[in-house]
Amino acid sequence: MRIAIFASGNGSNFQAITEAIKSNKINGTIMFLFCDNPNALVIQRAQRLGISTIIFSPKDFSSKREYEEKLLKKLNEEDIQLIVLAGYMRIIGSSLLQAFPNQIINIHPSLLPKFPGLHGIRDAFNAKAKETGVTIHYVDDGVDTGPIIRQEKILIDKKETLETLEAKIHQVEHRLYPEVLAEIINDKERALHDKKTSTN
Ligand code: GRF
């Protein structure tokens, strides 16, 4: 499966996925990392891991539509079959959603539908929730609203600080995202294979 990863920031999930692919735990190839922030740490991680990187930001375009059209062109040129969002801080617009139905996946650091948006971990912590977690879901046109693929709960201890909670969540993410992607890709490959054999 030909994969593109979109990321805007630190890139620890990007790294976990890339390492899982390199050790053959996921049956796929990362064709490129797309990053919308030229200063993001994820770019250095990609260089270290030998993943080619495409970098541009909406600021370089006169509209979001033009930005996404350029992105779409790159995705089509590389024949991308799956888009994996890993800390990509933008809403996916309609042109990309239409071009990749059920082919865009996101990870969010809360038990959706609770605590959607940019600050899932902090919002759960400040709300004094007893538990939070990690959600992996398909992307639709809402903010963290698409169909849920997998969730894992994480308890928030009485002595928890925001920092310890963040660390716990990221630890789960780095295990869960590669695991779930491996399953999704196997299912998609099987479906493609079945389709091929039934039309032959
Ligand atoms: C993760 O917590 C992920 O759930 C959220 O953004 C964060 C990205 O972290 N969507 P990193 O850039 O992968 O380290």
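Q: How far from an oxygen atom of the ligand does a backbone N or O atom of asparagine 13 lie?
A: The structure is a predicted model. Asn13 belongs to the residues around the ligand. Between a backbone N or O atom of asparagine 13 and an oxygen atom of the ligand, the distance is 2.8 Å.

Q: Which residue has a side-chain N or O atom 2.5 Å from an oxygen atom of the ligand?
A: The surroundings of the ligand include Gly11, Ser12 and Asn13. Glycine 11 places a backbone N or O atom 2.7 Å from a ligand oxygen. The side-chain atom at 2.5 Å from an oxygen of the ligand belongs to serine 12.

Q: How are H1 and H2 oriented to each other?
A: Helix H1 covers residues 12-22 and helix H2 covers residues 41-49. Their axes come within 9 Å and cross at roughly 15 degrees. An angle under 35 degrees falls in one class, and therefore H1 and H2 are roughly parallel.

Q: Which residues in H2 are met by residues in H1?
A: The crossing of these two helices is right-handed. By class, their contact has four nonpolar, three polar and four charged residues. From H1 come Ser12, Phe14, Gln15, Thr18, Glu19 and Lys22, and they meet, in H2, Val42, Arg45, Ala46, Arg48 and Leu49.

Q: How are H1 and H6 oriented to each other?
A: Helix H6 spans residues 162-199, and its axis comes within 9 Å of that of H1. The two axes cross at roughly 50 degrees, and the crossing is right-handed. This angle lies outside the ranges for roughly parallel, antiparallel and perpendicular, so H1 and H6 are oblique.

Q: How many charged residues does the contact of H1 with H6 have?
A: In H1, Ser12, Asn13, Ala16, Ile17 and Ala20 take part, and they meet Glu173, His174, Tyr177, Pro178 and Leu181 in H6. By class, this contact has six nonpolar and three polar residues, and the number of charged residues is one.

Q: What is omega of the cis peptide bond that joins leucine 112 and proline 113?
A: Proline 113 lies in the loop between strand S5 (104-108) and helix H5 (120-126). Most peptide bonds are trans. The bond between leucine 112 and proline 113 is cis, with an omega of about 10 degrees.

Q: What is phi of asparagine 24?
A: Asparagine 24 is located in the loop between H1 and strand S2 (29-35). Most residues other than glycine have a negative phi. Asparagine 24 has a positive value, near 60 degrees.

How values were computed. Residues numbered from 1 in each chain as written. Predicted model: local features only at pLDDT ≥ 70, side-chain atom pairs only at ≥ 80, totals over all residues. Heavy atoms only, no water. Axes fitted to C-alpha atoms, helices over the stretch in contact; angles between N-to-C directions. Helix = DSSP H or I, 4+ residues; strand = E, 2+ residues; numbered from the N terminus. Parallel < 35°, antiparallel > 145°, perpendicular 65-115°, else oblique. Left-handed = near helix turned anticlockwise from the far one by under 90°. Contact = heavy atoms within 4.5 Å. Nonpolar A, V, L, I, M, F, W, Y, C, P; charged D, E, K, R; others polar. Near = heavy atom within 4 Å. Polar contact = N/O pair within 3.5 Å; in protein donor to acceptor, adjacent residues only side chain to side chain.
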